[in-house]
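Open the model in your viewer and keep the sequence panel beside it. The tour goes from one selection to the next and says what is found at each stop.

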Amino acid sequence: MTTVVSGSGGGPPVQESYRLRRDAELRPGEDGSLTLRQTRFRLTLGQPGMGRRALLLRLAADWVSDVEVSRLISGLEGESRVLPAQLLLRRLLAHSWLERRVQADDRPLLDLVPTGLGRGSLPESRPHTPGVRYRLSRFATLQPERGMLVAASSLSTLTVGCVDPALGAVLAAAVPGVGADAVARTLGVAAATAGRVLDELATARILVTDAEFEAEQDDAPLAYWSPEELRLHQRSRAGGHALPVGGTYRMRERFAPQPLRRPYDRGRAVELPLPDLATIAKGDPAFSQVVADRRSVRDHDDASPLPVERLAEFLYRSQHTTVVGEVGGQEVGHRPYPGGGGIHELEIYPLVARCAGLDPGLYHYDAVGHRLEPVAGWEPAADRLLAYARAAGAMPRPPQTVLVVTARVQRLMWKYEGMSYAMILKDAGVLTQQMYLVATAMGLAPCALGAGDSQAFAELSGLDPLVEPSVADFLLGSRRVDVPAATGDRP
Ligand SMILES: Cc1cc2nc3c(=O)[nH]c(=O)nc-3n(C[C@H](O)[C@H](O)[C@H](O)COP(=O)(O)O)c2cc1C
């Protein structure tokens, strides 16, 4: 194995140790087999000999250096079994079952922790070029994990744990650029050791050359991506990594699930008239006509504002919710549109500026009880919300209503791991189309917005944006008969 590299300049040699990745477990079978498990991945070793068995058990418990591997195997099974055991270790490493620690003599420097699993999951080795400067990648993130600074890149399946805190200083120095000499000085290690650290950081794509850094900034396709968008994209899709993605019920043991119907205790709600669905069915245009006619309409008929009965019908047909039971210990429901897991975390808050029969202000639509719950009167934050929405929709006059869509994130995040926020945005897209179709069928003026003022909404509603942030916005009003279906600018 490529394990001991002599330090030049009199420094200590670089050594490696290994351990089973911490998100995997080793399970002994009754037939004498040993199985490694991690999310959907399995690796079973049928009848490993005494030495291999001992090695796997040691790897599952702690760091094991190459020297210890040789000693362990030769002690248990003799010198001739050392090579096969090392081949097993090499295979486990290549398939990303192991974490790898690099140390200078007995000083641990960094841990290489894979996020992928299986053959080909490790990035190709990218040894540093002597004399070249390396910079911190635009896509590198730093965060604390297990008591150390961990550097990760959305462009790599290998993360780097800075076991030696001085590595943090190396990464900071790499913002303008570092070479092997500066790394050696900052870490107080020999040149060969510094070169090895650079190799590992370059392989994990935490550090990149000047040319690569410029390509990250200036060249397609990387120039298009912001680090946070690429990270959200990578994390919320399976395949490029072996982190959990999906319904793992990650919070089940820690928190009670929240009910489908949002609790309300702020006073009297406005009961809404139930729409007569039989009459609606007779009066609605054909579905094919609704789909063909759907347009964004950015002008409202203020001479004849939306009446509360029409708003009630719109809300009912877009969002009316019934409880259908429990799945995985959590209440689920039914709505006119599909939602991830039937959890239906989205809520609608109409900001009513002009609606016949309803005082201006912010309301919450209780989609189970079909009523509007007053949340706030017309305060300065309402003006800001309305002004932002009007500008975003490039409307000639303020919209009659802005339907602010929030997500009760804890309902979805209770179950889903890795993909929750992406799922919320998908659900918001589905609701948006539902609102477009209902508004079109009703002859109203609908328009989605790409963004809304979350801060103004949080201020006005008093809702904690970490508990129930606004995630989507929709303009709705009465439609002028003389306005063609498609009107206004299209930002
Ligand atoms: C997610 C989403 C965001 C949108 N954001 C805005 C926006 O911020 N302002 C706006 O005027 N229109 C917005 N629209 C409407 C689009 O501009 C419109 O759908 C597009 O121009 C096509 O026109 P049509 O809806 O009339 O077919 C948005 C639509 C969607 C689905």
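How many bridges join strand β18 (residues 361-366) to β19? Select both strands: five bridges join them, and the two run antiparallel. Keep in mind throughout that this is a predicted model.

**Stop 1: around β19**

With β18 and β19 still selected, look at H364, which stands opposite E373 in β19. The two strands form a hairpin, and four residues lie between them. Pick H370 in the turn: its phi is positive, about 50°.

Now add strand β14 (residues 270-271) to the selection. β14 pairs with β19 (residues 371-376) in the antiparallel sense, over two bridges. To find the pairing on screen, label V270 and L372, since L372 of β19 is the residue that V270 stands opposite.

**Stop 2: a three-stranded sheet**

Move to the sheet made of β2, β3 and β4. These three strands form an open sheet in the order β2-β3-β4, with antiparallel pairing. β2 (25-28) and β4 (41-45) are the edge strands, each pairing on one side only. On average, neighbouring strands here are turned by 20° against each other, direction ignored.

Select strand β3 (residues 34-38) together with β4. Five bridges link this antiparallel pair. At L34, the bridge partner in β4 is L45.

Next, select T39. This residue sits in the loop between β3 and β4. T39 is not a glycine, yet its phi is positive, about 35°.

**Stop 3: helices α4, α5 and α6**

Show helix α4 (residues 166-173) and helix α5 (residues 180-187). Their axes are 9 Å apart, and the helices pack at an angle of about 150°. Angles over 145 degrees count as roughly antiparallel, so α4 is roughly antiparallel to α5. The crossing in which α4 passes α5 is right-handed. To see the contact, show the side chains of A166, A169, V170 and A173 on α4, and of A182, V183, T186 and L187 on α5.

Keep α5 and add helix α6 (residues 191-203). How are the axes of α5 and α6 placed, and at roughly what angle do they cross? They come within 8 Å and cross at roughly 110°. α5 and α6 are therefore roughly perpendicular to each other. On the α5 side, the residues to display are A180, V183, A184 and L187; they meet A191, A194, G195, V197 and L198 in α6. V183 and L187 of α5 thus appear in the contact with α4 and also in the one with α6.

**Stop 4: a cis peptide bond**

Select A220 and P221. A cis peptide bond joins these two residues, with omega about 5°. P221 belongs to the loop between α7 (210-218) and α8 (227-236).

**Stop 5: the whole chain**

Zoom out and colour by domain. The protein is divided into domain 1 (8-233) and domain 2 (246-478). What is the distance between the C-alpha centres of domain 1 and domain 2? The two centres lie 47 Å apart.

Finally, colour by pLDDT. The mean for the protein is 94, and 96% of its residues reach 70 or more. Residues 1-9 have a pLDDT below 50; beyond near neighbours in sequence, this stretch has 27 contacts in the model. The pLDDT is also below 50 over residues 485-491, a stretch with 14 contacts beyond near neighbours in sequence.

How values were computed:
Residues numbered from 1 in each chain as written. Predicted model: local features only at pLDDT ≥ 70, side-chain atom pairs only at ≥ 80, totals over all residues. Pairing = 2+ DSSP bridges. Axes fitted to C-alpha atoms, helices over the stretch in contact; angles between N-to-C directions. pLDDT = per-residue confidence, 0-100. Contact = placed C-beta atoms within 7 Å. Domains from an automatic or database assignment. Parallel < 35°, antiparallel > 145°, perpendicular 65-115°, else oblique. Left-handed = near helix turned anticlockwise from the far one by under 90°.
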